[in-house]
Amino acid sequence: MVLPLIDGFGRVHRDLRISVTDRCNFRCGYCMPAEGLKWLPRDELLTFEEIERVARLLVERHGIDSIRLTGGEPTVRADLGRLVGMLSGLGVDLALTTNGATLSSAAAVLADAGLKRINVSLDSLRADRFVELTLRDELGRVLEGIDAALAAGLDPVKINVVVMRGVNDDELVDFARFGRDRGVVVRFIEFMPLDADEAWTLESVVGVDEIVARVGEVFPLEAIDRTSAPASRFRYLDGGGEIGVVASVTRSFCDSCDRIRLTADGQFRNCLFAVDEFDVRSLLRSGASDDEVAALLERAVAAKWAGHGIGRVEFIRPARSMSQIGG
Ligand code: SAM
Ligand code: SF4
């Protein structure tokens, strides 16, 4: 019997994000400090078998039907295709978020292993700015990776663009055009206070209304009815496709949030902005039964708060930055 994971506010949780590594081959300033972070020792990472056990429990007992692999950069974890194969056997909607740099060789392997959908993060289409943002000269490889994902039949291929005022907001229309030309959905993401350097300010956020107005001036848009998905969706009036905006800051979707997270070192988080974590790894390694592990996960979801409160005085930044939580 499936027992839905319901928190104290009546929200049912169906979407699991699994970070498979905290390591990354990029250094995006809004996510990780330029000097990098101290990587987790290997024995602190959950094994694929441990990840599969937690995922299976959540799917079979609690009705989780959507899993996204993330990181750090998930494609730097050795043999990722094996994990994709293990999780695709659970019959869920399986997706991956990646910086795309290794996709030209990995996309076909991952698709063959059972991956369905992919989001590629890309914050500038200008080679010099791309280097400034990521500290890596890899724009060409990422663009090749996007083509490889399309060729491998991953569907949809979405592009995640974190919009930062004065940094890349002059490329909104360029990204819209890129999405229309390549037949990919561009999802603009409001900049969130999870940057390792703590440089985030409310003024640096470009909100959904401004994004839609600026793109719509060139390519007129209309809103599509919002589903439970966090992105607000807009379609081009000329039939040229759609864009999404993840308006986590200006239009928080906490009220309908259905996400839970497992970090690479086996900590269960009931919110992206949670300050408390639940230590699943220790429990798994102590020989706990499935009932005991499930009880911890249920307790963790029951303890979820109403929402993050970004911009309010009571907001507390989580101790970990985005690359350690998984986005
Ligand atoms: N390395 C992969 C990637 O870049 O797609 C997966 C991990 S990354 C942490 C997941 C997503 O979080 C990416 O789309 C990234 O752009 C986004 N992200 C990172 N820091 C962010 C921030 N401070 N605000 C909003 N989105 C952020
Ligand atoms: Fe790495 Fe992704 Fe963070 Fe960039 S956004 S530093 S690619 S984890």
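This is a quick tour of a predicted model, taking in its sheet, its two ligand sites and a few backbone oddities.

**The sheet**

Start with the strands. Twelve of them, written here as 12 strands, make up an open sheet with mixed pairing. Reading across, the order goes β9-β10-β11-β8-β7-β6-β5-β4-β3-β12-β13-β14. The edges belong to β9 (221–224) and β14 (278–279); each has a single partner strand, so one side of each has no neighbour in the sheet.

Zoom in on β8 (residues 185–190) and you'll find that strand running parallel to β11 (residues 242–246), with 4 bridges joining the pair. Within that pairing, Val186 has Ile243 of β11 as its bridge partner.

A helix comes into the picture here too: α6 (residues 172–182) lies across β7 (157–163), β8 and β10 (231–236). Relative to β8, helix α6 runs at about 150 degrees.

**Ligand 1**

Now for the ligands. Ligand 1 has 19 residues around it, and those that come nearest are Tyr30, Gly72, Glu73, Ser121 and Met192. Sorted by class, this shell holds 7 nonpolar, 9 polar and 3 charged residues. The sheet has a hand in it: β5 (93–98), β7 and β8 each provide at least two residues of the shell.

Which atoms of ligand 1 do Gly72, Glu73 and Thr98 meet in polar contacts? The table lays that out.

| Residue | Protein atom | Ligand 1 atom | Distance |
|---|---|---|---|
| Gly72 | polar backbone atom | nitrogen | 3.0 Å |
| Glu73 | polar side-chain atom | nitrogen | 3.0 Å |
| Thr98 | backbone N or O atom | oxygen | 3.3 Å |

As for cover, ligand 1 taken alone exposes 550 Å², and the protein buries 95% of that.

**Ligand 2**

Around ligand 2 sit Cys24, Phe26, Cys28, Cys31, Gly72 and Asn99. By class that makes 4 nonpolar and 2 polar residues, with no charged ones. Gly72 is worth a second look: this glycine is among the residues around ligand 2, and Gly72 is also one of those that come nearest to ligand 1.

**Backbone oddities**

A bit of background first: most residues other than glycine have a negative phi, and most peptide bonds are trans. Here are some exceptions in this model.

Is the peptide bond from Asp155 to Pro156 cis or trans? That bond is cis, with omega near 0 degrees. Pro156 is found in the loop that links α5 (139–151) and β7, and β7 is one of the strands α6 lies across.

Two residues other than glycine have a positive phi. For Asp79, phi is near 65 degrees, and the residue lies in the loop between β4 (66–70) and α2 (80–88). For Leu135, phi is near 60 degrees; you'll find Leu135 in the loop between α4 (127–134) and α5.

Key:
Residues are numbered from 1 along each chain as its sequence is written. Chains are lettered from A and ligands numbered from 1 in the order in which they are written. This is a predicted model: local features need pLDDT of at least 70, side-chain atom pairs count only at pLDDT 80 or more; totals for chains, interfaces and linings use all residues. Side-chain values use heavy atoms; hydrogens and water are left out. Two strands pair if DSSP finds at least two bridges between them. Contact means heavy atoms within 4.5 Å. Axes are lines fitted to C-alpha atoms, for helices over the stretch in contact, and angles run from 0 to 180 degrees between N-to-C directions. A residue is near a molecule or strand if one of its heavy atoms lies within 4 Å of it. Ala, Val, Leu, Ile, Met, Phe, Trp, Tyr, Cys and Pro count as nonpolar, Asp, Glu, Lys and Arg as charged, and the others, Gly among them, as polar. A polar contact is a pair of N or O atoms within 3.5 Å; within protein, one must be able to donate a hydrogen and the other to accept it, and residues adjacent in sequence count only if both atoms are side-chain atoms. Accessible areas come from the Shrake-Rupley method with a 1.4 Å probe; for residues, only the protein chains shown count as cover.
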